[in-house]
Amino acid sequence: MRQVWSIASKELRGYFNSAVALIFLATFLSVVLFTFFWGEDFWATNAANVAPLFKWLPLLLIFLVAALTMRLWSEEHKTGTIEILLTLPVPIRRLVLGKFVAGLLLVAIALALTLGLPITVSIMGDLDWGPVIGGYVGALLLASAYLSIGLCISSATDNQIVALIGTALVGALFYVPGVEAVAGLFGVEISEILRLIGTGSRFESVARGVLDLRDLAYYAALVLLFLTLNTVLLEAKRWSASERTRAARTGSRLAVVLVALNALALNLWLQPVTAARVDLTEDNMYSLSEPTEKLLASLDEPLILRGYFSEETHPILVPLVPQIRNMLAEYAIAGGDMVDVQFLDPSKDEDIEAEAFENYGIKPTPLQFAGRHQQSIVNAYFHVLVAYGDQHVVLSMFDLIKIDAVDINNVKAYVDNLEYEITKSIRKVVYEFQSIDALFAGLPGKIELEAYVTPDKLPEQWAALPEELDAVAATFEQQAGGKFTYKRTSPATEEEQRALFDAYGLRPFTLSLLSNEVFYLHLVLKLGDRVELVRLPEAPSGATLQTAIRTSIERLAPGFTTVVGLVTPKPETPPPMPGAQQPPQPRSVQNFQGLARRLRETYQVRMVDLDAGSIPDEVDVLLVAGPERIPEAGSKAIDQFLMRGGPVVLLAGRYRIDLASPRGSIRLEEVDSGLDELLSAYGVEVAKSTVLDDDNDAFPMPRMRNVGGAQVPVVERIPYPFFVRVGRDAMDEDSIITRDLDSVVAHWASPVLVKDQGEAAPTREIYRLLRSSESAWLQAGTNAMPDASRPQPGTSAVPGGQPPYVLAVAIKGTFDSAYGKGDGGAAGADAADPSAVDEATDEANGEAGGEAAGGAGGEGGVQGEPERLLERSPPDARLVVVGSSNFVADTALGISEASGSSSGTNNLALVENSIDWAVADTDLLSIRSRGAAARTLGGVDADARTRWELINYLIALLGLGLVVVFARARRQARIRTASRIIVPTAQPSFGARGGGARKASDDDDEAETSDEEEQT
């Protein structure tokens, strides 16, 4: 290794003593900085990543490395020093390695000078360093391959121009096959092979932040092959054409062939190996998550994952097929024998095509694209089937990929968080197929059913209910395998009743209006620290009891499909126009169709009408989007749903966009949600003001621009303070709801205030999910034009507090009912006194409405009789309040899409995360969040962008200057050392003879004193 390093040092000195190193470094930095800030529109994308730094490296390094290596052997041939090198007592392979190491070190120096880019980007935003490390490692691997090619070509000729062109051509031959424009011309199978050959496509695999053994083996094979060929070409110059050297010639050629065959065999052997890799990304984006692996490990039946992909398909879909194949292979590895992964092409087999359609409804999708000569239409399969038992889910092309419009007639297709879609589908088929035995087997603990019944006081029609309940519980105990316990008690004493109220907020029911007799009929399910109050059916029987209890167990069990009860504003009918022939059609003041579509991809969505004063039994979590004039019956239904432990998510802003505002203006409309008293009882208030912030998202404002004397409509993105951008540093880091989100945009949001409940209230966990920046301010009016300005000093205070303003909160704990006393007011701390059971019963005798057995909405109980309302929730009840409904309304989502913002995706992910947190199902939440975090730059205005850009130019120049200064200082030190050795004072005439010191000054590498260089 000393000889290798000596040769490398000599070559490096040669680079820096001439202008080669300076030209190479300056050219590399100039091209990289230009493409980063200008060629790839880094500022326009607003993404906190350095992908533009590596995008063009596979092509750029071809030419730069070709220029770097063209002289390494060609100059030795031309000057005749090659004969001297070949006669030195140094193996030729060490000469080759020395020159290779020198070139690689120079490339490493060039890459090191670009470190200012990722460092500054990490300051401006939340940068994931995994892809950065992968990009630099990939760049070194790519440069190694090109260097070995360049050395080999240079050793075969004495003409540097020929070496330059030859290296560029051979490098291009390895780069072009993986280019999408080339690989997309062929079918899926051929294109996959071409991408395995392409150096650029291999580089992209590493640059995403995944060190795959297959990619490392590919580059190692290229380097080894061409360095071996380089060594043989140099060895051949020692040979004569005599018979004596025939064996050496044959052996060397055979060695090259064997190296090539072994390199090919190694890559073919490693190709099926998908698990030998390291995912460097922060969230392990390209590896299966722990929830997925746990789900696959719990399978009781074989799971079938089948990919239906056509060989002939749309060109933009061709590169995505290998990614889906690799992901499904990960599932096969994690699931072992229980997961069967298959890939089929129905277009080539009529039987497979018929089975796909008849059994699963899979049919090809017509795709239109522009060919080289004409428009083409192809009917292609692009589906993934997830089948388990008799259940199945089909993921279509639009479930598997996302498509973004880059420019006119130019779209980009990519796979985004594929694991979430596949795992979600697996959960759906597994749990829908699951039997009651499997249900209990999958529980993380033991289910406890506690029945609080007074059998001697039950109404006559329910007299047999306790025995039926005992029989149903015995059936569950037999099926549960030791994971179900049952206990029935009859609260009789005042202490027992007080304990029951303190624990679950349960009170007895009244027997009739004319009687003071009360009875208990409550069922409580417990799993660990989670509590579920079983809602009894209207006509309890053995069968209906069993269904009700199982439904509650499924709600407690992790993984069952969540049922979301969605409440949206009702359409309004505008007043009739004078003289109109047709009555006006109802119009929706705020649409949430996009939100509903997104939710249906993961949950079962049930539309809920709160005017009926009830919430269906099947609803697991209630999502109220844009509430407007909710009646008291609906407010009571929400209250009682929360009191029995049902989680509630309220998207309740004070303002919404006024769709009827005059053309050219943007105005807001104040909304009366009808939930103010309800929220006040829970200690929450949504202030009557709008938050504006200097850290905001853009608004696409249409303008007319003069182009060539004609007025042309254009869309200009302008800062809009009403679109408050909430970065990761302004989110609650302790809440899993926002932990993996990068940014959220709150459109026309209001502050959310959490009141101090005092010592009398139970302890709660409060998460302030979203906050504005310190530079935010409030506005109380309805004018929402983009030129909104800050309030002038001395103006009246606007309700909402001081910045930063809280825009969303999540609360977990015990809540007192707003209607528990039956008088329509908030239940105070003194209203929760179970010692006055009889008095409270008397108060309730004349009141209407209520809920039976912990149910919401006034159903159940003794028909025709008033019912007792729950006054306190379980200790783990959950409530989420967001001070905006606009942020997931169709209007705001459309504006975000038009302005090119990623806020729509993140906003929807926030709602989904809130739902999963509310039902304590964090598995899918953690997987979804891995793809939802669109890492963006912070609030970087135009002036700051210019400053950061100049800083990067200065860092590059400073680094380049330091390299030059260091190289020059080293050269001067060697010259001084050589002068002292070659021109001793005892022989002053030696230096005057013209040889020693002057030659050392011109070419100092011949005066080295190290032992290894003297040996060389």
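Student: In this predicted model, how many bridges join β24 to strand β30?

Tutor: Strand β24 covers residues 690-693. Its partner, strand β30, covers residues 776-779. The two run antiparallel, and the number of bridges joining them is four.

Student: Which residue in β30 does leucine 692 stand opposite?

Tutor: Leucine 692 belongs to strand β24. Look across to β30 for the residue opposite. That residue is tryptophan 777.

Student: Which residue of β24 points the way Thr690 does?

Tutor: In a regular strand, side chains alternate between the two faces of the sheet. Strand β24 follows suit: Val691 and Asp693 point the other way from Thr690, and all of these residues are buried. Pointing the one way with Thr690 is Leu692.

Student: What is the strand order in the open sheet of four strands?

Tutor: The pairing in this sheet is mixed. The edge strands, each pairing on one side only, are β12 (484-489) and β16 (530-534). Neighbouring strands are turned by 20° against each other on average, direction ignored. Read across, the order is β12-β11-β15-β16.

Student: Which residue of β15 is the bridge partner of leucine 449?

Tutor: Strand β11 spans residues 447-453, and β15 spans residues 521-527. Seven bridges join them, and the strands run antiparallel. For leucine 449, the partner is leucine 525.

Student: At about what angle to β12 does helix α23 run?

Tutor: Helix α23 takes in residues 465-480. The helix lies across β11, β12 and β15. Angles here are taken between N-to-C directions, from 0 to 180 degrees. Against β12, the value is about 160°.

Student: Why is arginine 214 classed as buried or exposed?

Tutor: Arginine 214 lies in helix α15, residues 213-236. Leaving aside neighbours within four places in sequence, arginine 214 is in contact with residues including Arg202, Asn267, Leu270 and Asn326. Buried means under 20% relative accessible area. Arginine 214 has a relative accessible area of 10%, so the class is buried.

Student: What percentage of the residues in the protein chain is buried?

Tutor: The chain has 36 helices and 32 strands. Its accessible surface comes to about 45600 Å², with 55% belonging to carbon and sulfur atoms. Of the 1016 residues, the buried share is 51%.

Student: Among contacts with a separation of 6 or more, what percentage is between residues 24 or more positions apart?

Tutor: Arginine 214 and Asn326 give one example of a contact between residues outside the local stretch of four places. For the protein chain, the share from residues 24 or more positions apart is 76%.

Note on methods
Residues are numbered from 1 along each chain as its sequence is written. This is a predicted model: local features need pLDDT of at least 70, side-chain atom pairs count only at pLDDT 80 or more; totals for chains, interfaces and linings use all residues. Side-chain values use heavy atoms; hydrogens and water are left out. Two strands pair if DSSP finds at least two bridges between them. Contact means heavy atoms within 4.5 Å. Buried means under 20% relative accessible area, exposed over 50%, partly exposed in between (1.4 Å probe, protein chains only). Accessible areas come from the Shrake-Rupley method with a 1.4 Å probe; for residues, only the protein chains shown count as cover.
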